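Visitor: I am new to this structure and would be grateful for a guided introduction.
Guide: Certainly; let us look at the model together.

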Amino acid sequence: MQWLLLILFGLIILNFTHIVYFNIFTHSLPYGIYMKINGTPQRGDYAASCLTQEISQYGIARRYLAQGNCDTGTVRVIKMIKGLPGDCFTVKNGFLELNGYSYRIMDKDSSGRTLKFFYKQREGILDKEKYILLSDFVKNSWDSRYWGPVSIRFLLKPLWIFENVKQPQISHS
């Protein structure tokens with residue numbers, strides 16, 4: 001029992017050093033423990049991003065984001081990389097089309113409020129160091145369907161996913 005407490009204490013310390021991240025708050029990725037890693041971003045990797053000031057202020061006002069360590073004063077968003085530099089994307093008829101998949105863009109959030117759309121262009125090729133980050137777990141995640149392409153700060157690798165927690169899957173149309 002003591003070794004379990006030591007391990008837990010060690011993970012808590014690592015969390016404060018921003019080497020290990022615990023996800024027990026957001027449905028945007030599986031609940032679990034994640035470790036910050038180095039490497040070249042690949043489709044399917046988890047990545048952390050700090051959003052722009054405009055998007056962050058909107059996220060705080062809507063309570064989509066909490067206060068945190070980004071320069072904008074919010075937490076980093078953590079989502080799965082779905083679009084890489086060089087990928088083509090199109091936004092039309094209520095969908096983000098990317099790599100042969102269509103991701104539904106909702107008009108309203110879960111509270112019935114109209115959602116703001118931050119894309120600067122409706123179609124294009126992702127620039128160098130720009131990524132599309134989406135949630136694979138909830139259909140109404142606030143992600144790159146609304147913000148547009150973002151830069152990423154670092155990658156995360158799951159260390160331990162809490163398997164017994166069921167999370168809804170995003171619907172691809």
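**Questions on the predicted model**

Visitor: What share of the residues of the protein chain count as buried?
Guide: This is a predicted model. A residue counts as buried when its relative accessible area is under 20%. Of the 173 residues in the protein chain, the share that meets this description is 40%.

Visitor: How many helices and strands are there in the protein chain?
Guide: Along the sequence, the elements follow the pattern α-β-β-β-α-β-β-β-β-β-β-α-β. The count for the protein chain is 3 helices and 10 strands.

Visitor: Which element supplies the largest share of the largest nonpolar core?
Guide: The largest nonpolar core has 28 residues, and those with the most contacts inside it include Leu51, Leu133 and Trp142. At least two of its residues come from each of α2 (53-62), β4 (77-83), β5 (88-92), β6 (95-98), β9 (132-134) and α3 (144-147). The largest share of this core is 3 residues, and they come from β9.

Visitor: How many residues does the other core have?
Guide: Apart from the largest core lies another one, with Tyr46, Ala48, Phe137 and Phe154 among its members. In soluble globular proteins, nonpolar side chains tend to be buried together. The number of residues in this other core is 8.

Visitor: Which tryptophan is in contact with Trp142, leaving aside neighbours within four places in sequence?
Guide: Trp142 is one of the residues with the most contacts inside the largest nonpolar core. With neighbours within four places in sequence left aside, its contacts include Leu51, Ile55, Tyr58, Leu115 and Phe118. The tryptophan on that list is Trp147.

Visitor: Which class has 11 residues in the lining of the second largest pocket?
Guide: This pocket has a volume of about 360 Å³. Of its 19 lining residues, the closest to its centre are Lys120, Lys130, Trp147, Gly148 and Pro149. By class, the lining has 4 charged residues, 4 polar residues and 11 that are nonpolar.

Visitor: Is Thr74 buried or exposed?
Guide: Thr74 is found in the loop between α2 and β4. Leaving aside neighbours within four places in sequence, Thr74 is in contact with Ser56, Ile60, Leu65, Ala66, Gln67, Gly68 and Asn69. Because its relative accessibility is 1%, Thr74 counts as buried.

Visitor: Which residue's side chain makes a polar contact with the side chain of Thr74?
Guide: The contact joins two side chains at 3.3 Å. The partner of Thr74 in this polar contact is Thr72.

Note on methods
Residues are numbered from 1 along each chain as its sequence is written. This is a predicted model: local features need pLDDT of at least 70, side-chain atom pairs count only at pLDDT 80 or more; totals for chains, interfaces and linings use all residues. Side-chain values use heavy atoms; hydrogens and water are left out. A nonpolar core is a set of buried Ala, Val, Leu, Ile, Met, Phe, Trp, Tyr and Cys residues joined through side-chain atoms within 4.5 Å. Buried means under 20% relative accessible area, exposed over 50%, partly exposed in between (1.4 Å probe, protein chains only). Helices (H or I, at least four residues) and strands (E, at least two) are DSSP runs, numbered from the N terminus. Contact means heavy atoms within 4.5 Å. On a 1 Å grid over the protein atoms alone, a cavity is a set of points where a 1.4 Å probe fits but cannot get out, and a pocket is an open set with protein on both sides within 12 Å along at least five of seven lines; lining residues have an atom within 4 Å of a point. Grid points are joined across faces, edges and corners, and a volume is the space filled by probe spheres set on the points. Ala, Val, Leu, Ile, Met, Phe, Trp, Tyr, Cys and Pro count as nonpolar, Asp, Glu, Lys and Arg as charged, and the others, Gly among them, as polar. A polar contact is a pair of N or O atoms within 3.5 Å; within protein, one must be able to donate a hydrogen and the other to accept it, and residues adjacent in sequence count only if both atoms are side-chain atoms.
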